[in-house]
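Me: I would like a close look at one part of this protein. Please keep to what can be read from the model.

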Amino acid sequence: MPGFLPVEIAVQDAAGVRIALGGGAARVELCQALGLGGLTPSAGLVEAAVELARAASAASFVHVLVRPRGGGFVYDRDEVEAIVRDIRSARSLGADGVVVGALTDAGALDLATIVAFLDAAAGLDVTVHRAVDAATDPLAAVAALAGTGVRRVLTSGGAADCRAGLPTLARMASEVRGSVEVMAGGGVGVDDIGALAAIGVDAVHLSARRHDERGGPSGPGGGEIGFDATDAELVRAAVAAAQASVRA
């Protein structure tokens, strides 16, 4: 494990992959529609991202978010099957990992579905995303991942952002240390990274984005003007803060 806190950047296009990895990020979470919390990226984008990462460095990693829609994380049979198919597709395209999650109607982690996702991943690095923060008991949801084969969990500690969730994040990191990596995410800013390192989380996750109005008018039916883009300065600042951090 590196001596400094690894930084994961959520990106939604090829430019974001270049910027994140060029700025020193340990890996990217590849998705689309960050404004909705992130959705499954297209096969073409996954393929391009993997090619860019391989060209950048043998140590660059592309983790693909597999989430079929916005909203909650209770999925029906058709949605689970779509997620399984997308996991297999990401694996076939050379992704290093997938980011998934599912809850039961009662608000617990849906372990049976998580196991189906792990089977489809067939050895890929698996992260469970912030579905755990929507669980009735986020601490119990994270603890339930121990021994499943899930590598890490992305969480704000069940709070609106990592600052509010700091005490719970500290408990999570302590209670599952050695079995599941805890990656802090949710409103992470450069100034938060030192405090997160100090409580013992294993990594930090942020989108490091800014609004970009290039691309011309969207016109009727095209949504809002502009789009979110990865900011190179923010990526570099986050990586620098992580490298300067003292880990618990």
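Which residues are linked with Asp-125 in a network of salt bridges?

Reply: This is a predicted model, and what follows is computed from it. The network of salt bridges links Asp-125 with Arg-151, Arg-152 and Glu-181.

Within this network, take the pair Asp-125 and Arg-152. Their side chains meet in a salt bridge, with an N to O distance of 3.2 Å. The pair links distant parts of the chain, since Asp-125 belongs to strand β5 (residues 125–128) and Arg-152 to strand β6, with their positions 27 residues apart in the numbering. Asp-125 has a relative accessible area of 17% and is therefore buried, the cut-off being under 20%. Arg-152 is buried too, because its relative accessible area is 3%.

Strand β6 spans residues 152–155, and Thr-155 lies in it as well. Thr-155 has 0% relative accessibility, so it counts as buried. The side chain of Thr-155 makes a polar contact of 2.6 Å with the side chain of Asp-133. The Thr-155 side chain also reaches the backbone nitrogen of Gly-157, at 2.8 Å. Leaving aside neighbours within four places in sequence, the residues in contact with Thr-155 include Arg-130, Val-132, Leu-169, Met-172 and Val-182.

Arg-130 appears again at the largest pocket. About 420 Å³ of space lies in that pocket. It is lined by 20 residues, and those closest to its centre are Glu-29, Gly-37, Arg-130, Leu-154 and His-205. The lining is made up of 9 nonpolar, 7 polar and 4 charged residues.

Past strand β6, Arg-163 is the next residue to consider for salt bridges. Arg-163 forms a salt bridge with Asp-192, the closest N and O atoms being 2.6 Å apart. This pair also links distant parts of the chain: Arg-163 is in the loop between β6 and α6 (166–175), while Asp-192 is in the loop between β7 (181–185) and α7 (193–198), 29 residues apart. The side chain of Arg-163 meets that of Asp-161 in a salt bridge as well, at 3.6 Å from N to O.

As for accessibility, Asp-192 is buried because its relative accessible area is 12%. Arg-163 has a relative accessible area of 45%, so it is partly exposed. Asp-161 is also partly exposed, because its value is 21%.

For the wider setting, a search of the whole structure finds 14 salt bridges. The network asked about takes in Asp-125, Arg-151, Arg-152 and Glu-181.

Conventions:
Residues numbered from 1 in each chain as written. Predicted model: local features only at pLDDT ≥ 70, side-chain atom pairs only at ≥ 80, totals over all residues. Heavy atoms only, no water. Helix = DSSP H or I, 4+ residues; strand = E, 2+ residues; numbered from the N terminus. Buried < 20%, exposed > 50% of the residue type's maximum accessible area, 1.4 Å probe, protein only. Polar contact = N/O pair within 3.5 Å; in protein donor to acceptor, adjacent residues only side chain to side chain. Contact = heavy atoms within 4.5 Å. 1 Å grid on protein atoms, 1.4 Å probe; cavity = no way out; pocket = protein on both sides within 12 Å on 5 of 7 lines; lining within 4 Å. Points joined across faces, edges and corners; volume = space filled by probe spheres on them. Nonpolar A, V, L, I, M, F, W, Y, C, P; charged D, E, K, R; others polar. Salt bridge = Lys/Arg side-chain N within 4 Å of Asp/Glu carboxyl O.
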